[in-house]
Amino acid sequence: MTRAFLIVMDSVGLGGAPDADAFFNGDLPDEGANTIAHIAQACAEGRAEEGRSGPLHIPHLDALGLGAAMGHASSDPAPGLTSMPEGLYGVAAEVSPGKDTPSGHWELAGVPVPWDWHYFPPTLPSFPQDLMDQVAELCGAGGTLANCHASGTEVIKDWGAKHIETGWPICYTSADSVFQIAAHEEHFGLDRLLKLCQDIAPVLHKMKVGRVIARPFRGTVEDGFSRTGNRHDYAIAPPAPTLCDWAKAAGRSVYAVGKIGDIFSMQGIDEVRKGTDAVLFDHLCDVMDEAPDGAFAFANFVEFDSLYGHRRDVSGYARHLEWFDAQMARLYKRAREGDLLIFTADHGNDPTWPGTDHTRERVPVLGYGLGVKPIGKVAFTDVAVSIADHLGIAAQGPGRSFL
């Protein structure tokens, strides 16, 4: 019996989304954004030299067909991506009306989003007062702080001292459909923060806000604050059974690596393993060693997006691509006969693009385990149906197998 591993390189887009002109970063449409091509160009021109040097070096992804896949997405040059493909390769386009984490992952798992997400305006304040009153009441605080669009690292720098002084939670959002609450693990309490986010989540979900995110941090006013690894997402449940549910219903073991459990509200998932991307790669290797025949594993590596894309850090993004690529050999060593590994993304986040939002792009679909197989342009939902086909389980909803 075969196994399947769906590995999301969060935000590693290839440009060329057919509807990119309908999505914006501030006043600028996403048309022309291309995460991989623009990083490769920056590296080739010596504009990404912090902690690395020279052209972008990602031989494993290139060997699978990343450069060839880019030719299906756009005409942008990507210096250094020239290898002849040795794997399954193509690009996928999304139809859901969003360029966010839940939309991308749900659609990759076979379920496009059937509604428009609610986004909070980039005004001061961003949130209605009745929502802020509910947050304060739920945690027994006298009020809330921030109430704005903000970077997660900047908002704790700006409001951390006031938070410690008052005990009030820091509430902020972004261009995504999210409501985020930051609080100090010791002064406010991690369990208290998690309970607050869990309690307020149903209110936000009724508004069609995709996620409530707990953002714990530590540190002092004197030495500065930093976020911890105890983040937790409280996401709306998918509106229909996903690939995880299909596999579970067929009696297969389903593993979630990274924030997959949060994104899918644990529906159809047997086991979750979390951590930083470096820890997650170790977890994924362990899953490949341990998973029985017929298993399905779904992994997300978020730091491309969270640490480098949103912060518009081109050098950091390039370093992380090169680190990830170097780790891929560890997966190949663990692959059994019949295994299928699919590497893809959920949206783009071009670090050369103005603004700090995700960018609407096609994403790569690269496969290891089936030999050379060009698949051209496919839909996000085709990924789910193809994995179901490989596993020999029944698929639901839209999509067709590219196998």
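Two residues are in contact when their heavy atoms come within 4.5 Å of each other. Keep that in mind as you look at this predicted model, since contacts around Asp10 make up a good part of the story. We'll start with the annotated sites, then visit a helix and finish with the cysteines.

**The annotated domain**
- UniProt, in an unreviewed entry, lists residues 3–393 as "domain: Metalloenzyme".
- That span is 37% helix and 21% strand, and its end C-alpha atoms sit 11 Å apart.

**The binding-site residues**
- The unreviewed UniProt entry also puts a "binding site" feature at Asp10, Asp346 and His347. These residues span 338 residues in sequence, but no two of their C-alpha atoms are more than 7.2 Å apart, so they gather at one spot.
- Asp10 sits in the loop between strand 1 (4–9) and strand 2 (24–25). With a relative accessible area of 0%, Asp10 is buried, because buried means under 20%.
- Leaving out residues up to four places away in sequence, Asp10 touches a whole crowd, including Thr101, His105, Lys259, Asn300, Tyr317, Asp346 and His347.
- His347 belongs to another stretch of chain: the loop between strand 14 (340–344) and strand 15 (363–368). His347 counts as buried too, at 2% relative accessibility.
- Among the contacts of His347, again setting aside neighbours within four places in sequence, are Asp10, Ser11, Lys99, Asp100, Thr101, Asp305 and His358.
- The side chains of His347 and Asp10 are also joined by a polar contact of 3.5 Å.

**Helix 4**
- Helix 4 covers residues 101–108, and 8 of its 8 residues are buried, so the rest of the structure largely encloses it.
- Two of those buried helix residues, Thr101 and His105, are ones you've already met as contacts of Asp10.
- At the start of the helix, a side-chain oxygen of Asp100 reaches to within 2.9 Å of the backbone nitrogen of Ser103. Asp100 also turned up in the contact list of His347.
- Just after the helix, Gly110 takes a positive phi of about 100°.

**The cysteines**
- How many disulfides does a search of the whole structure find? The count is 0.
- In case the word is new, a disulfide is a covalent bond between the sulfur atoms of two cysteines.
- Is Cys43 buried or exposed? At 2% relative accessibility, Cys43 counts as buried.
- Cys285 is buried as well, with a relative accessible area of 1%.

Note on methods
Residues numbered from 1 in each chain as written. Predicted model: local features only at pLDDT ≥ 70, side-chain atom pairs only at ≥ 80, totals over all residues. Heavy atoms only, no water. Disulfide = S-S within 2.5 Å. Buried < 20%, exposed > 50% of the residue type's maximum accessible area, 1.4 Å probe, protein only. UniProt positions renumbered as here; feature names shortened; annotations may be inferred. Helix = DSSP H or I, 4+ residues; strand = E, 2+ residues; numbered from the N terminus. Polar contact = N/O pair within 3.5 Å; in protein donor to acceptor, adjacent residues only side chain to side chain.
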